[in-house]
Amino acid sequence: MKNKLVILVGPPGSGKGTQALLLAEKKKMIHFEASKLLEKKFLNSSEGDVVTVGEEEYEIKEQERRWREGLLCEDGFVSHVIKESIEKTKDKKETVLLDGYPRTKKQAEISLPFFLSLYRARDILLISLEVDEEESIKRNTKRRVCALMRHSIISTPETENLTICPLDGSVLEKRVMDDPEKIKIRLREFSEKTVPIIDYLQSKKINILRVDGTGSVSDVFFRILKEVENFGL
Ligand SMILES: [Zn+2]
């Protein structure tokens with residue numbers, strides 16, 4: 001079996017992170033979460049370390065400061081970090097699942113030639129998890145985190161009555177940052193930056209699958225599974 005690349009995108013509140021974990025476990029995929037790869041890169045670097053990409057130089061600690069302030073890292077830098085990780089898997093048979101990258105059209109443009117050097121276009125699949133704005137706001141404003149590990153529990157029919165964290169049993173608390181206005185900003189940012197990625201990859205003959213992200217975690221997961229199995233996974 002030839003290896004494949006699956007890219008999962010979805011707005012805040014789509015449950016993308018949870019679905020990525022489930023999919024990677026069920027289908028034995030190598031799961032790369034962009035923010036975790038960045039954190040690891042930052043942890044393993046010292047002041048003054050740089051990465052060189054073509055003619056550009058990025059100072060790693062400078063990228064880390066941007067990231068800690070809540071800004072996005074530069075496209076060339078993030079793309080390099082992702083590329084480094086995927087490269088290490090090129091002799092493996094497992095499918096790679098990318099979660100949280102690409103985040104901008106620029107990142108998609110930077111990484112596509114690299115993806116196509118490892119995978120045939122027909123072996124690359126982008127899954128867009130779709131949740132409308134109203135549903136996303138509802139889920140985000142009702143989102144809670146657990147007291148012990150800060151596990152994030154979005155509101156779905158099966159989680160709304162939970163009072164304790166299903167993973168560790170600690171109490172669930174309301175998050176203060178999830179006010180509707182801030183969520184609207186994050187949603188707008190998502191649609192401005194992500195929709196062009198989908199259009200761009202589609203124009204390059206990459207498979208695009210749109211999956212309805214409403215309903216319970218298991219309902220959504222079954223929809224995703226059906227689609228990836230049709231895709232040959
Ligand atoms: Zn927890």
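Start by selecting helix 6 (residues 133–141), where Ser136, Ile137, Arg139 and Asn140 are buried (20 or more other C-beta atoms within 10 Å of a residue's own, against 12 or fewer for exposed and partly exposed in between, with C-beta atoms placed from the backbone). Look down the axis of helix 6: its buried residues fall within an arc of 165°, so they line one face of the helix; the arc is that of the directions from the helix axis to the C-beta atoms. Now add helix 7 (180–203), which is part of what covers those buried residues.

Before moving on, a word on the model. It is predicted, so local features need pLDDT of at least 70 and side-chain atom pairs count only at pLDDT 80 or more, while totals for chains, interfaces and linings use all residues. Residues are numbered from 1 along each chain as its sequence is written. Helices (H or I, at least four residues) and strands (E, at least two) are DSSP runs, numbered from the N terminus.

Next, select helix 2 (residues 34–43) and helix 4 (residues 75–87), which pack at an angle of about 95° with their axes 10 Å apart. Axes here are lines fitted to C-alpha atoms, for helices over the stretch in contact, and angles run from 0 to 180 degrees between N-to-C directions. Helix 2 and helix 4 are therefore roughly perpendicular (65 to 115 degrees). Show the side chains of Ala34, Leu37, Leu38 and Lys41 on helix 2, and of Val78, Val81, Ile82 and Ser85 on helix 4: these residues make the contact (C-beta atoms, placed from the backbone, within 7 Å).

Keep helix 4 and bring in helix 5 (residues 105–118); this pair packs at about 20°, with axes 9 Å apart. Helix 4 and helix 5 are therefore roughly parallel (under 35 degrees). Residues of helix 4 that meet helix 5 include Asp75, Ser79 and Ile86, and among their counterparts in helix 5 are Lys106, Ile110 and Phe114.

Three loop stops remain. Just before helix 5, in the loop that follows strand 5 (96–99), find Pro102; the peptide bond from Tyr101 to Pro102 is cis, with omega near -10°.

Go on to Arg120, in the loop between helix 5 and strand 6 (124–130). Arg120 is exposed, with 11 other C-beta atoms within 10 Å. Its C-alpha atom is 9.3 Å from that of Ile206, 86 residues apart along the chain.

Finish at Lys205, in the loop between helix 7 and strand 10 (207–212). Phi of Lys205 is near 70°, a positive value in a residue other than glycine, and Lys205 counts as exposed, with 10 C-beta neighbours inside 10 Å.

Key
Parallel < 35°, antiparallel > 145°, perpendicular 65-115°, else oblique. Contact = placed C-beta atoms within 7 Å.
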